Amino acid sequence: MDKTSYQKKHQFSLTNSEQYWQSWKEELVWEPDSSIDISYNCLERNIEKGLGDRTAFLWLNEDGEEKRISYQELLELVNKMANMLTSLGVAPQDTVTLYMPAVIEAAALILACARIGAIHNVVYAGFSADALRDRFTDLESKVIITADFTQRRGRKIDLLSTARKAIEGITDIKTLVLVRDNTGLKENEYDLDKLVSEASSTFTKDENINREKLFVLYTSGTTGKPKGITHAPEGYTLYAYATTKTTFDLTGSEVFWCTADMGWITGHTYLVYGPLLCGITSIIFEGAPDYPSTKVWWDILEKYKVNIFYTSPTAIRMHIAAGDDLSNYNFSDLKIIGSVGEPLNETAYEWYLENIGKNRCHLVDTWWQTETGGHMITTYKGTPGKPGYAGFPCFGVDARVVDKTGREVGPGKKGYLVIKNSPPGMFVDCWKNTERYRKYFDTVAGFYFSGDFAIHDADGRIRILGRADDVINVGGHNIGSAEVENAINTHSAISESAVVGVDDPIKGQKIVAFVVVKKGQEVNEENLESEANDAVIEHLGKLAQLSDVVIVEKLPKTRSGKIMRRMLRAQYLGEDLGDTSTLEA
């Protein structure tokens with residue numbers, strides 16, 4: 001659609017919101033009480049359309065192995081897993097924690113939880129035992145499902161030991177193990193394959209099942225404890241379906257590859273639920289983007305005739321740095337290429353469009369959050385893109401750039417990115433912290449506050465400028481400064497610390513720590529840096545590792561005691577410190 005058509009449709013979706021969303025609702029199957037079974041809509045609904053033999057998931061790994069599972073086969077596997085979970089005592093609205101590799105079984109377990117009304121919480125397999133423990137204890141999960149290992153860069157990365165460490169000392173928890181390498185099981189551990197093989201492939205549906213909450217995903221904020229973002233099935237299903245179909249201009253038979261991990265919201269919405277709701281084929285890749293060569297992704301795009309490719313700016317910048325010649329690749333089956341996770345800078349935008357899109361594909365840059373469940377801003381096919389700008393508000397979304405009072409700012413003026421209305425995919429609560437949920441809507445009265453700075457141009461395109469709070473974006477993943485600082489402060493020689501994000505050409509941002517050594521302590525600076533980094537990795541995983549540690553006599557603070565991280569960042573970069581009038585004496 002051209003810009004004028006977009007504007008008319010977008011305006012209609014806002015002024016006739018109920019009618020707009022009703023048209024999407026009619027394409028899904030709803031329960032008599034207006035609730036929805038998202039797994040039914042992903043599976044039986046498509047099988048009833050004659051798509052039972054179509055490949056639902058194509059799994060690939062860095063060794064060139066592949067597995068396919070059709071919609072009919074996936075239904076049978078999900079039913080078996082649903083029966084297995086029920087036999088283990090998992091009831092509707094119980095929580096199940098998944099700490100899994102990128103495999104078909106992980107996606108099937110997500111669907112099985114949804115099928116029986118259990119709340120799934122997928123934890124990224126790169127997180128440490130402490131981070132895993134924090135999440136499943138907050139949820140009071142009685143079942144944690146993991147695997148022996150995940151594969152990356154030719155190595156088997158142990159997941160089972162991490163899961164075992166996470167549950168040490170916790171009673172009444174069952175660990176299910178996807179045995180990939182015949183690892184010996186301990187007490188209260190189960191062979192997932194065996195349990196599934198013994199379960200029935202027919203699932204008897206409970207018509208009165210409680211499906212109030214669908215899943216919880218934890219995301220970092222400015223406090224030490226991650227927020228448990230909670231989504232409900234009705235709005236999330238509707239929004240995942242509508243945004244997958246419209247943003248990627250789906251016709252119904254595409255091969256779709258979203259490179260995100262299932263432990264992130266992108267993996268939930270645009271690797272698992274969205275593609276299945278649309279009845280297409282979704283690729284799951286277990287491996288790194290640069291092994292066994294930096295061309296492994298491009299080989300997959302060409303070999304499997306991928307139509308939609310959706311990845312992160314971090315990965316794009318890594319491939320730019322690799323400098324590979326991609327001119328001989330045939331990407332003629334590609335029609336849409338997309339970006340997600342952080343702002344796509346101009347250089348990466350142009351390289352992506354030229355080398356992967358071959359100056360023929362449409363590029364959809366997308367802005368959204370764990371909280372929104374799906375795309376909020378994008379550039380629909382046919383509307384003109386602009387390097388550095390995510391694009392226009394999605395249909396049904398009233399996104400604005402405003403000042404602290406909620407008044408819209410003019411083109412080119414920096415402001416806060418907010419959402420005026422409430423699209424159906426929005427989260428419904430923060431787990432055990434409704435007060436924190438309300439703050440999203442109280443920060444700028446009358447709006448959902450995204451926490452991002454932005455500007456817009458004269459045509460209404462929105463450019464994301466980065467976080468307005470103390471959240472660091474490393475490789476498209478938000479890491480709360482307080483979480484990292486809490487880990488650093490466990491070091492016996494450190495009295496306090498502060499971390500900031502500074503620009504990195506590949507990761508987007510890297511983490512720099514400023515630490516104050518306790519009085520009377522003599523430390524070796526090199527050892528302290530290594531030990532502080534070890535503490536962060538132990539508590540949060542390698543994703544949050546430090547790039548630099550700077551020892552300072554004291555941290556700059558306001559008179560009220562708030563650490564002025566902007567000054568630390570400016571100091572590190574050799575920039576002007578700005579207004580220092582609020583510093584404590």
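Me: How much surface does the protein expose, and what share of it do carbon and sulfur atoms supply?
Reply: In this predicted model, the protein exposes about 24000 Å², and carbon and sulfur atoms supply 45% of that area. Of the 585 residues, 57% count as buried, a label given to residues under 20% relative accessible area.

Me: What makes the protein as compact as a globular protein of its length?
Reply: The protein holds 18 helices and 28 strands. Its radius of gyration is 24 Å, close to the 25 Å that the globule rule gives for 585 residues, so the protein is as compact as a globular protein of that length. The C-alpha atoms fill a box of roughly 70 × 65 × 50 Å along the principal axes.

Me: What share of the contacts between residues at least 6 apart in sequence join residues at least 24 apart?
Reply: That share is 70%, where a contact requires heavy atoms within 4.5 Å.

Me: How far apart are the mean positions of the positive and negative charges?
Reply: The protein carries 64 positive and 81 negative charges, and their mean positions are 4 Å apart.

Me: Why is the pair D290 and R153 called a salt bridge?
Reply: The N to O distance between the two side chains is 2.9 Å, and the cut-off is 4 Å between a side-chain nitrogen of Lys or Arg and a carboxyl oxygen of Asp or Glu, so the pair qualifies. The bridge links distant parts of the chain, 137 residues apart, with D290 in the loop between β13 (281-286) and α12 (296-303) and R153 in the loop between β6 (149-152) and β7 (155-158). It is one of the 25 salt bridges that the structure holds.

Me: Are D290 and R153 buried or exposed, or what else are they called, and why?
Reply: D290 has 24% relative accessibility and therefore counts as partly exposed, because that label covers values between the 20% and 50% limits. R153, with a relative accessible area of 38%, is likewise partly exposed.

Me: How do you know that R164 and E189 form a salt bridge, and which parts of the chain does the pair tie together?
Reply: The closest N and O atoms of R164 and E189 are 2.9 Å apart, and the cut-off is 4 Å, so the criterion is met. R164 lies in helix α8 (residues 160-166) and E189 in strand β9 (residues 189-191), so the pair ties together parts that are 25 residues apart in sequence.

Me: Why is each of R164 and E189 given its accessibility label?
Reply: R164 has 18% relative accessibility and so counts as buried, since the label applies under 20%. E189 has a relative accessible area of 10% and is therefore buried as well.

Me: What makes K381 and D249 a salt bridge?
Reply: Their side chains meet at 3.5 Å, N to O, which is within the 4 Å cut-off, so the pair counts. K381 lies in the loop between β17 (377-378) and β18 (392-393) and D249 in the loop between α10 (233-247) and β12 (255-258), so the bridge ties together parts that are 132 residues apart in sequence. K381 is partly exposed, with a relative accessible area of 36%, and D249 counts as partly exposed at 30% relative accessibility.

Me: Which residues are linked in a network of salt bridges?
Reply: The network links K3, K386, D457, D459 and R461.

Me: What kind of peptide bond joins Y291 and P292, and how do you know?
Reply: The bond is cis, with omega at about 5 degrees. P292 is found in the loop between β13 and α12, where D290 also lies.

Me: What is notable about the phi values of N188 and K358?
Reply: N188 is not a glycine, although its phi is positive, at about 70 degrees; it lies in the loop between β8 (174-178) and β9. K358, also a residue other than glycine, has a positive phi near 55 degrees and is found in the loop between α14 (346-356) and β16 (362-365).

Me: Why is I157 called partly exposed, and which residues does I157 touch?
Reply: I157, in strand β7, has a relative accessible area of 28%, so it is partly exposed. Leaving out residues up to four places away in sequence, I157 touches D148, F149, T150 and R152.

Notes: Residues are numbered from 1 along each chain as its sequence is written. This is a predicted model: local features need pLDDT of at least 70, side-chain atom pairs count only at pLDDT 80 or more; totals for chains, interfaces and linings use all residues. Side-chain values use heavy atoms; hydrogens and water are left out. Helices (H or I, at least four residues) and strands (E, at least two) are DSSP runs, numbered from the N terminus. The radius of gyration is taken over C-alpha atoms; the globule rule is 2.2 Å times the number of residues to the power 0.38. Buried means under 20% relative accessible area, exposed over 50%, partly exposed in between (1.4 Å probe, protein chains only). Accessible areas come from the Shrake-Rupley method with a 1.4 Å probe; for residues, only the protein chains shown count as cover. Lys and Arg count as positive and Asp and Glu as negative; His and the chain ends are not counted. The place of a charge is taken as NZ of Lys, CZ of Arg, CG of Asp or CD of Glu.
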